[in-house]
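Here is a short briefing for a first look at this structure. Keep the sequence and the 3D view at hand while reading.

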Amino acid sequence: MWEYTDKVKDHFFNPHNVGEIEEPDGVGEVGSLACGDALKLTFKLDENGRIKEAKFKTFGCASAIATSSVLTELIKGKTIEEALKVTNRDIADYLGGLPEQKMHCSVMGREALEAAIENYRSGGKAKHELEGTIVCTCFGVTDVEIERVIRENDLTTVEQVTNYCKAGGGCGGCHGEIEKIIQKLQAGKPRHAPHKVPAKTSKLTNIQKIQLIQQTINEQIRPALRAHGGNIELIDVEGNKVIVAFRDMCAQCRMAEFTMKEVIEAKLHEFVSVELFVEEDKDTQDQPHTHRE
Amino acid sequence: MKTIYFDNNATTKVAEEVLEEMQPLFCELYGNPSSMHTFGGQIGRRIAHAREQVAVLLGCEPTEIIFTSCGTESDNAAIRAAVAATPEKRKIITTRVEHPAVLTVCRDLENHGYEIMEIGVDRQGRLDLDEFKHELDDNTVLVSIMYANNETGVIFPIDRIAEMVSEKGAVFHTDAVQAVGKIPLNLSKTAIDMLSLSGHKLHAPKGVGVLYVSKGTRLAPFMLGGHQEAGRRAGTENVPGIVGLGKACEMARNNIEQENQPVAKLRDKLEEAILRSCPDSRLNGDKENRLPNTTNISFEYVEGEAILLLLDRYGICASSGSACTSGSLEPSHVMRAMGVPFTAAHGSIRFSLSRYNTEEEVDFTIEHMPGIINRLRELSPFVAEQGGKRL
């Protein structure tokens with residue numbers, strides 16, 4: 001069971017400001033049924049430009065409902081400029097903290113607020129549009145959003161990024177790219193050394209290299225693909241060329257070509273050698289996949 | 001507040017009779033059955049008796065029973081031992097809805113050069129037997145398919161599958177953790193080679209399990225360092241646990257028919273009432289071939305964890321296949337394999353009953369369920385009449 005604070009429980013069992021304001025000044029909608037949570041925020045301003053009323057409707061777990069409730073409380077009485085300063089941290093802190101895996105709920109609150117303000121500023125016309133390019137296709141998270149949660153919450157691992165904005169929580173295909181964003185933003189800061197890194201020796205024999213490649217595929221790459229019904233097989237290693245075949249879901253996935261290759265190369269560079277490059281085995285590509293949908 | 005326990009597929013209450021049987025084995029009869037003195041040696045008879053009680057429930061020989069520490073250990077041992085016995089065959093067949101104790105072990109073997117085939121299920125959670133027949137070949141070393149699914153309670157046609165596997169000369173293992181004690185078994189009449197069961201799912205304590213290995217099935221010892229369990233599973237026996245499991249098996253055997261009928265009746269009452277009183281709810285899993293105690297219901301447009309917490313306020317214990325309860329971001333692998341739409345999978349709730357549940361408990365739950373669902377739907381930005389569209 002989740003360790004929720006009394007504040008979280010209180011706002012879940014007795015949420016404040018539930019509903020929808022008629023003729024609102026701003027409407028923000030984020031999330032979806034498929035993602036497991038969604039939030040619709042509406043607000044109305046008073047004559048001085050302060051938020052007079054804010055209401056929410058939320059589909060999601062206890063912490064999603066509690067963060068929505070708190071969000072409406074936090075922004076009431078604020079001007080638009082003041083409201084925009086509310087961060088996901090503020091929401092989480094107000095609740096006395098959230099379990100790490102639930103931090104994305106607080107981020108959803110902040111996103112809904114921004115969407116609502118954007119909608120207000122465009123005179124009620126603008127629908128929230130994603131900024132940047134999509135990194136996580138499973139949950140539709142962009143690089144801009146990922147960079148933002150990293151900066152605002154000082155995140156250093158892919159797992160944390162997943163906890164905060166869901167990116168990387170599906171097939172795992174974008175882990176390499178998230179890692180790159182973290183490295184870019186956190187460069188220069190001391191980092192926790194990733195554990196269980198196989199020792200990288202300066203000179204590998206061919207056999208050692210192949211074993212290490214196989215081990216990296218087994219431990220670092222396959223579990224992520226497996227989580228989404230995909231698979232990978234090491235076909236051969238010729239010098240620095242690593243030949244792999246994608247199976248099952250991955251074989252049918254049109255994204256495979258450019259995302260998978262990059263992710264796998266990144267992992268192989270990290271754990272084996274930076275000289276390696278990946279090629280997909282075309283000969284086995286047409287083999288029938290092993291299960292139906 | 002009274003606890004209403006509808007989570008018996010997770011674990012069960014230890015039966016009072018079982019506890020009574022175990023009690024003397026802690027402070028009075030605490031000897032080691034391997035000792036030479038009478039004080040320890042007499043304990044061996046208790047273990048032998050428990051072995052017989054288990055064998056009677058399963059319809060097999062006592063020598064075919066190996067006591068382990070849990071269902072997961074039994075699954076691990078069965079799978080690893082089976083593939084080790086026939087190293088020249090490299091294919092393992094299992095299903096996409098297996099418990100992780102089987103699925104994770106198979107996927108680990110994939111890293112050691114084995115080919116793993118995971119058979120799919122249909123929308124009702126029924127196994128795709130055509131796909132299975134197609135995959136079963138001479139290279140298959142092991143087939144491991146659960147007897148009944150823990151999330152939906154759907155029972156697979158294990159006897160038929162075991163026959164097919166036997167004809168191909170492969171080993172057949174079944175994880176029967178959810179089935180034993182809930183439906184009658186007679187292993188002497190089946191072609192099942194190995195079967196796992198877990199004590200705490202049938203009113204014995206946690207920390208004891210069984211691996212059944214049929215006579216003639218090759219099994220390398222899987223724990224070394226002692227002669228216990230005929231040298232196949234070394235380690236000083238969990239005597240109280242084993243004795244408790246024996247008693248629990250005896251009770252299950254004596255009462256399986258009389259007890260499961262009322263359990264099924266209560267389950268049906270709960271299920272029908274909820275489906276009737278909560279709009280946009282649907283049953284997950286095949287109604288025909290199902291454990292008598294399990295029902296899995298999806299409530300559209302609401303999320304499982306939120307439902308569980310509201311149920312918890314009334315003391316009602318259940319579980320959910322939603323993403324939020326598992327700590328991952330996606331619904332359970334069983335719901336996904338069945339193709340349950342995400343909209344419904346996120347709001348799936350499992351009630352699993354036992355002989356200790358009462359009609360009052362069922363009525364109490366029926367009374368409060370619509371209120372809980374309505375309350376969350378009022379919070380939800382999605383509405384039913386627009387087919388899940390936003391307001």
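In this predicted model, strand 7 (residues 241–247) of chain A pairs with strand 8 of chain A in the parallel sense. Four bridges make up that pairing. The points below start with the sheet around these strands, then turn to chain B, a helix pair and the contact between the chains.

**The sheet in chain A**
- Within the pairing of strands 7 and 8, A:K241 stands opposite A:F277 of strand 8 of chain A.
- The sheet is open and has three strands, in the order 6-7-8 (chain A). Its pairing is mixed.
- Strand 6 (230–238) and strand 8 (277–280) of chain A are the edge strands. Each has a single partner strand, so one side of each has no neighbour in the sheet.
- From one strand to the next, the twist averages 35°.
- Helix 9 (residues 206–226) of chain A lies across strand 6 and strand 7 of chain A. This helix runs at about 165° to strand 6 of chain A.

**A covered strand in chain B**
- Strand 2 (residues 65–68) of chain B is covered on both faces.
- B:I65 and B:F67 are buried on one side, and B:I66 and B:T68 are buried on the other.
- Strand 2 of chain B runs antiparallel to strand 8 (residues 209–213) of chain B, and four bridges join them.
- B:T68 has B:G209 as its bridge partner in strand 8 of chain B.

**A helix pair in chain A**
- Helix 6 (residues 143–153) and helix 8 (residues 175–186) of chain A pack with their axes 10 Å apart.
- The angle between these two helices is about 50°. Helix 6 and helix 8 of chain A are therefore oblique to each other.
- The crossing of helix 6 and helix 8 of chain A is right-handed.
- Helix 6 of chain A brings A:D143, A:I146, A:E147, A:I150 and A:R151 to the contact. These meet A:I178, A:I181, A:I182 and A:L185 of helix 8 of chain A.
- The residues of this helix contact divide into six nonpolar, three charged and no polar.

**Where the chains meet**
- Chain B gives 28 residues to the contact, and chain A gives 27 residues.
- On the side of chain B that touches chain A, the elements giving two or more residues are strand 4 (115–119), helix 9 (304–313), helix 10 (323–326), helix 12 (342–345) and helix 13 (359–379) of chain B.
- Helix 9 of chain B supplies the largest share of that side, three residues.
- The residues on that side of chain B divide into 13 nonpolar, eight polar and seven charged.

Technical notes:
Residues are numbered from 1 along each chain as its sequence is written. Chains are lettered from A and ligands numbered from 1 in the order in which they are written. This is a predicted model: local features need pLDDT of at least 70, side-chain atom pairs count only at pLDDT 80 or more; totals for chains, interfaces and linings use all residues. Two strands pair if DSSP finds at least two bridges between them. Axes are lines fitted to C-alpha atoms, for helices over the stretch in contact, and angles run from 0 to 180 degrees between N-to-C directions. Two residues are in contact if their C-beta atoms, placed from the backbone, lie within 7 Å. A residue is buried if 20 or more other C-beta atoms lie within 10 Å of its own, exposed if 12 or fewer, and partly exposed in between; C-beta atoms are placed from the backbone. Angles under 35 degrees count as roughly parallel, over 145 as roughly antiparallel, 65 to 115 as roughly perpendicular and the rest as oblique. A crossing is left-handed if the near helix is turned anticlockwise from the far one by less than a right angle, and right-handed if clockwise. Ala, Val, Leu, Ile, Met, Phe, Trp, Tyr, Cys and Pro count as nonpolar, Asp, Glu, Lys and Arg as charged, and the others, Gly among them, as polar.
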